[in-house]
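Got your viewer open? Load the model, pick a colouring you like, and follow along from one selection to the next.

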Amino acid sequence: MRYSQLFGKTTKSVPADADSINAKLLTQGGFIQKEISGVYNYLPLGLRVLTKIQNIIREEMDKIGGQEILMPTMTQEESWVTTGRHTMDVLFHLKGQGGTNLVLNPTHEEVVTPLAQKYIFSYRDLPFYVYQIQNKFRNEARAKSGLLRGREFNMKDLYSFHTDEEDLNRYYEIVKQAYHAIYNRLGIGDITVLTFASGGSFSQYSHEFQTLCDNGEDTIYLCEKCKLAINKEIIDVQKTCPECGSDNLKTVKAIEVGNIFKLRNKYSKAFNFYYSDKNGQEKIVEMGCYGLGPSRTMGAIVECRHDDKGIVWPTSIAPYQIHLIGLDLHDEKIKSQSEKLYQTLQEKNIEVLYDDRLDVTAGTKFADADLIGIPQRLVISKRSLENGGVESKKRNEEKSEILSLNSLDKLI
Ligand code: ATP
Ligand code: MG
């Protein structure tokens with residue numbers, strides 16, 4: 001992609017209402033643009049990152065037997081009345097033709113349970129797992145912190161259906177491992193910890209995945225040895241590390257990037273969702289739900305992977321792999337070498353953002369590259385060619401090296 005043609009440019013001015021590092025850097029870098037409070041446009045760079053995060057999650061969900069579906073954004077309020085959740089503050093209400101009451105779904109238990117009920121009748125149909133990656137709507141009291149707490153935001157939600165609690169427990173552990181794999185691949189595995197949270201009335205605990213970050217909204221108590229934590233809301237009940245029993249817990253700030261629940265029969269009961277077992281007896285279906293927010297996670301990654309110059313994307317989700325900067329492009333000879341290099345990289349199917357602008361200084365191009373945060377920078381200029389090729393530098397390192405134009409294979 002030519003930077004000169006990219007929709008969404010960097011800007012020096014800090015958005016007046018940017019109350020967080022992710023809002024500031026993502027807006028300045030040309031990734032997102034605020035529409036209204038807690039609602040964002042994703043520009044090409046931002047959408048590339050979000051899509052990569054979603055695809056990593058998708059691959060890991062597919063690996064554990066998840067089948068991807070897409071449920072609707074809106075539904076009838078009646079389903080929410082059935083579960084008693086129609087009075088929740090976060091629900092957005094709509095009026096349809098003829099005065100029908102509709103809601104924008106903030107989560108999808110009220111949709112997926114009756115949907116599953118249309119296809120599941122017998123123990124032979126269980127277990128099964130469906131997920132979607134879709135936007136949710138919550139009328140959050142305090143939409144804030146850029147992508148961290150939106151009113152419209154992206155979520156992956158997986159739902160599992162089982163014959164009994166034992167099978168639910170089995171799958172719950174499998175999902176936990178899949179979540180660890182996802183955060184590892186997203187480059188935040190080392191700072192994302194499994195956290196015991198309140199499970200409400202239907203199970204002892206739920207689990208959150210919390211990314212350690214000084215700017216996080218949540219307070220958790222971390223056992224540094226076991227890399228396990230307890231959420232503030234249950235510390236009075238559970239005062240020691242659930243793994244080693246230590247009471248030497250450190251109070252830290254964190255961002256909740258995922259949350260998994262054993263729903264048990266809370267929703268199946270509400271919708272009268274039964275199956276017939278081997279003996280032909282009616283039994284209640286057991287359910288689990290597993291949420292993970294790609295958009296919040298994108299914000300969280302920026303919060304914990306940046307420096308004073310800009311974002312430092314993990315390679316797996318960077319919008320492009322190489323940021324090619326052409327300098328001295330008024331010189332026709334240098335320009336043709338630079339264009340040729342851009343073409344070669346594209347032919348090798350390397351994702352490259354090419355700063356081909358003629359009207360900005362080298363300093364501006366370097367500053368923009370640091371702000372955008374692509375892992376590898378290549379500079380082709382009069383000086384680099386005199387030194388024997390292109391200057392290569394990693395975003396997270398200071399040192400640079402000259403690579404000859406025919407040794408670029410080394411990069412990839
Ligand atoms: P929180 O406690 O932060 O309000 P929650 O516990 O209500 O979130 P869930 O309903 O479990 O969240 O949603 C699953 C995931 O969706 C969360 O772990 C988070 O990654 C993401 N998420 C939830 N609410 C928001 C939001 N307002 N903006 C962006 N992402 C969100
Ligand atoms: Mg929560």
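This tour goes from the whole chain to the ligand site, and then on to two helices.

**Stop one: the whole chain.** Before you zoom in, keep in mind that this is a predicted model. Show the chain as a cartoon and you should be able to pick out 10 helices and 23 strands. Turn it along its principal axes: the C-alpha atoms fill a box of roughly 80 × 60 × 45 Å. If you colour by burial, 53% of the 412 residues count as buried.

**Stop two: ligand 1.** Switch on a pocket surface and go to the largest pocket, where ligand 1 sits. Which elements give two or more residues to the shell around ligand 1? Select β8 (152-162) and β13 (250-264) and you have them. Of these, β13 is worth a highlight, as it gives the most to the shell, with four residues.

Now show side chains around the ligand. You'll find 15 residues surrounding ligand 1, and R138, E140, R149, G150 and E256 are the closest. Three distances are worth drawing here:

- From R138, pick a polar side-chain atom; an oxygen atom of ligand 1 lies 2.8 Å away.
- From G150, go for the backbone instead: one of its N or O atoms is 2.9 Å from a nitrogen atom of ligand 1.
- From G293, a polar backbone atom lies 3.1 Å from an oxygen atom of ligand 1.

With those in view, how much of ligand 1 does the protein bury? Taken alone, the ligand exposes 590 Å², and the protein buries 82% of that.

**Stop three: helix α4.** Leave the ligand and select residues 109-117, which make up helix α4, then pick E110 within it. Is E110 buried or exposed? Its relative accessible area is 1%, so E110 counts as buried, the cut-off being under 20%. Add R85 to the selection and measure between the two side chains: E110 and R85 are joined by a polar contact of 2.8 Å.

**Stop four: helix α2.** Last, select residues 44-63. Helix α2 has 20 residues, and the distance from its first C-alpha to its last is 28 Å, close to the 28 Å expected at 1.5 Å a residue. Which residues of α2 are buried? Colour L45, G46, V49, L50, K52, I53, Q54, I56, I57, E60 and M61 to see them. Charged residues such as K52 and E60 are on that list, alongside L45 and V49. Then step past the end of the helix to G65, which follows α2 and has a positive phi, near 85°.

Key. Residues are numbered from 1 along each chain as its sequence is written. Chains are lettered from A and ligands numbered from 1 in the order in which they are written. This is a predicted model: local features need pLDDT of at least 70, side-chain atom pairs count only at pLDDT 80 or more; totals for chains, interfaces and linings use all residues. Side-chain values use heavy atoms; hydrogens and water are left out. The expected span of a helix is 1.5 Å times one less than its number of residues. Buried means under 20% relative accessible area, exposed over 50%, partly exposed in between (1.4 Å probe, protein chains only). A residue is near a molecule or strand if one of its heavy atoms lies within 4 Å of it. A polar contact is a pair of N or O atoms within 3.5 Å; within protein, one must be able to donate a hydrogen and the other to accept it, and residues adjacent in sequence count only if both atoms are side-chain atoms. Accessible areas come from the Shrake-Rupley method with a 1.4 Å probe; for residues, only the protein chains shown count as cover. On a 1 Å grid over the protein atoms alone, a cavity is a set of points where a 1.4 Å probe fits but cannot get out, and a pocket is an open set with protein on both sides within 12 Å along at least five of seven lines; lining residues have an atom within 4 Å of a point. A molecule sits in a cavity or pocket if more than half of its atoms lie within 2 Å of its grid points.
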